[in-house]
Every structure is written in C-alpha cells, then in structure tokens.
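Biologist: I've got a model open and I'd like to go through it with you. Can we take it piece by piece?

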Amino acid sequence: LDGKLDEGARLTEEFLADALGISKSPIREALNRLETEGLIRIEPRRGAYLQDFSTKDIDDLYDLREALETLPGVGRKTANVVLNVAFGESTIAVDTHIFRVGNRTGLAIGKNVLEVEHRLIKVIPKEFIVDAHHWLILHGRYCCIARKPKCGECIVADVCNWKDRFE
C-alpha cells in the first residue's frame, strides 16, 4: 500500500477493491460506508490488516466481533459500533455517556460497561436497539450531562431513578 496513497489520503471503494483484492467483500463495503459517514478513517498503514481481515471466514455475529477485535486499536466498543452502524446488528457500544445514562436512570445498572451492555440488550425491545445506541449517546451528551445534568429539560425525568436529580 505504501506509495499508492499520499499521507492523509482517504481510502476509496475503488482503492480497497484494487489494492486489497476484496472487490465483492461485504466487510469492505461496510468499512467503506463507515468511512464515508465519517465514523472511521482508514489509514494507509492499516491496509495489511484489512487485507488479512477480509479473507477471514466469518459465519456469524460472534465470529465477526472476534475478527474485528483482532484489528489493532479495535476493542469491544469499536466492534459494536461497526456491527451496529455498518451491519445493523442489535448491539450497543457502551461509552461513557451510555454508561452514565444507564446507571443514573436505572435503565441498566452495572459496575462496568459489559454489565451495562448486557442489561441494555435485555431491557430494550429488539426493534429499537440499533437506534437506541444513538439515542442514549445523544441523551447522555446533551441532556444527562456528567457534571450538571439538565433534568428540567429531560424527557425521561419522570421515570429516572437518579436520587440526586436536579429539579
């Protein structure tokens, strides 16, 4: 891949197809979609990992999550984002905002992100999980703010279990 891209250039669908030899790969298409939407940036030096990744035999969601987590810098949260956004899978990537909202509201109380993720998957109806990931992030980012939540503006304040709620 070195020499084919200038430093800072973005990988395009055509480049991935030619350079990585994965012209019909659904993984390539998913990565492309994520990059187009600005959710990830594929760096030229990561091309070798993507080529290896694209040849993996992936049969189900569990295999895909494991395969994604083998890529450098990809953990469970990033893998869940890819599965949710690119593949429409019912996963929730628990970040600091979702962790806070889950624990404050009582929707999904847990000591770590994995506990919160599992509880959210259990309590959120399947038809809403893909979108709930984004809704919870936005709620935590703009309403249920860490230091001074806007409880007076909160649309779920009446069912919130946070004892220190601002009125």
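Biologist: Let's start on a surface residue. How does Arg119 count at 38% relative accessibility?

Modeller: Sure, and keep in mind that this is a predicted model. Buried needs a value under 20% and exposed one over 50%. At 38% relative accessibility, Arg119 counts as partly exposed.

Biologist: And which residue forms a salt bridge with Arg119?

Modeller: The closest N and O atoms of the pair are 3.5 Å apart, and the cut-off is 4 Å. The two partners sit 4 residues apart in helix α7, so about one helical turn separates them. The partner is itself partly exposed, with a relative accessible area of 29%. The residue is Glu115.

Biologist: How many salt bridges does the structure hold?

Modeller: Opposite charges can pair up when the charged atoms of their side chains come close. One of the bridges is Glu115 with Arg119. Another joins the side chains of Arg76 and Glu117, at 2.8 Å from N to O. The count for the structure is 2.

Biologist: How many residues apart in sequence are the parts that Arg76 and Glu117 tie together?

Modeller: Arg76 is partly exposed, with a relative accessible area of 30%, whereas Glu117 is buried at 6%. Arg76 belongs to helix α5 (residues 76-87) and Glu117 to helix α7, so the bridge links separate parts of the chain. Their distance in sequence is 41 residues.

Biologist: On to the hydrophobic side. Which element gives the most to the largest nonpolar core?

Modeller: Nonpolar side chains tend to be buried together in soluble globular proteins. Here the largest nonpolar core has 13 residues, and Ile92, Val94, Ile98, Val116, Leu120, Ile124 and Leu136 have the most contacts inside it. Two or more residues each come from α6 (96-105), α7 (113-123) and α8. The top contributor, with 4 residues, is α8.

Biologist: How many residues are in the second, separate core?

Modeller: Its members include Leu64, Leu71, Val74 and Ala79. The core is separate from the largest one, and its size is 8 residues.

Biologist: What does Val116 touch, leaving out residues up to four places away in sequence?

Modeller: Val116 is among the residues with the most contacts inside the largest core. Its list also takes in residues such as Asn103 and Gly110. In full, Val116 touches Val94, Ile98, Phe99, Asn103, Ala108 and Gly110.

Biologist: There's a histidine in α8 too. Is His133 buried or exposed?

Modeller: His133 lies in helix α8, which covers residues 126-142. Beyond its neighbours within four places in sequence, His133 is in contact with Val81, Asn84, Thr91, Ile92, Ala93 and Ile98. Its relative accessible area is 3%, and the cut-off is 20%, so His133 is buried.

Biologist: How many disulfides does the count come to?

Modeller: A disulfide is a covalent bond between the sulfur atoms of two cysteines. Cys143 and Cys154 are both buried, at 11% and 17%. The sulfur of Cys143 has its closest cysteine sulfur in Cys154, but at 4.3 Å that is too far for a bond, given a cut-off of 2.5 Å. The count is 0.

Biologist: How far apart in space are Glu89 and Ile129?

Modeller: Glu89 lies in the loop between α5 and α6 and is partly exposed, with a relative accessible area of 30%. In sequence, Glu89 and Ile129 are 40 residues apart. From C-alpha to C-alpha, the distance is 8.5 Å.

Biologist: Zooming out, what pattern does the protein follow along the sequence?

Modeller: The protein has 8 helices and 0 strands. Buried residues make up 41% of its 167 residues. Read along the sequence, the pattern is α-α-α-α-α-α-α-α.

Biologist: Last one, on trust in the model. Where is confidence lowest, and where is it highest, among the elements?

Modeller: The average pLDDT is 76, with 61% of the residues scoring at least 70. Residues 1-13 fall below 50, although the model gives this stretch 25 contacts beyond near neighbours in sequence. The pLDDT also stays under 50 over residues 19-24. Confidence is lowest in helix α1 (residues 13-20), at a mean of 47, and highest, at 96, in α7.

Note on methods: Residues are numbered from 1 along each chain as its sequence is written. This is a predicted model: local features need pLDDT of at least 70, side-chain atom pairs count only at pLDDT 80 or more; totals for chains, interfaces and linings use all residues. Side-chain values use heavy atoms; hydrogens and water are left out. Buried means under 20% relative accessible area, exposed over 50%, partly exposed in between (1.4 Å probe, protein chains only). Contact means heavy atoms within 4.5 Å. A nonpolar core is a set of buried Ala, Val, Leu, Ile, Met, Phe, Trp, Tyr and Cys residues joined through side-chain atoms within 4.5 Å. pLDDT is the predictor's confidence in each residue, from 0 to 100.
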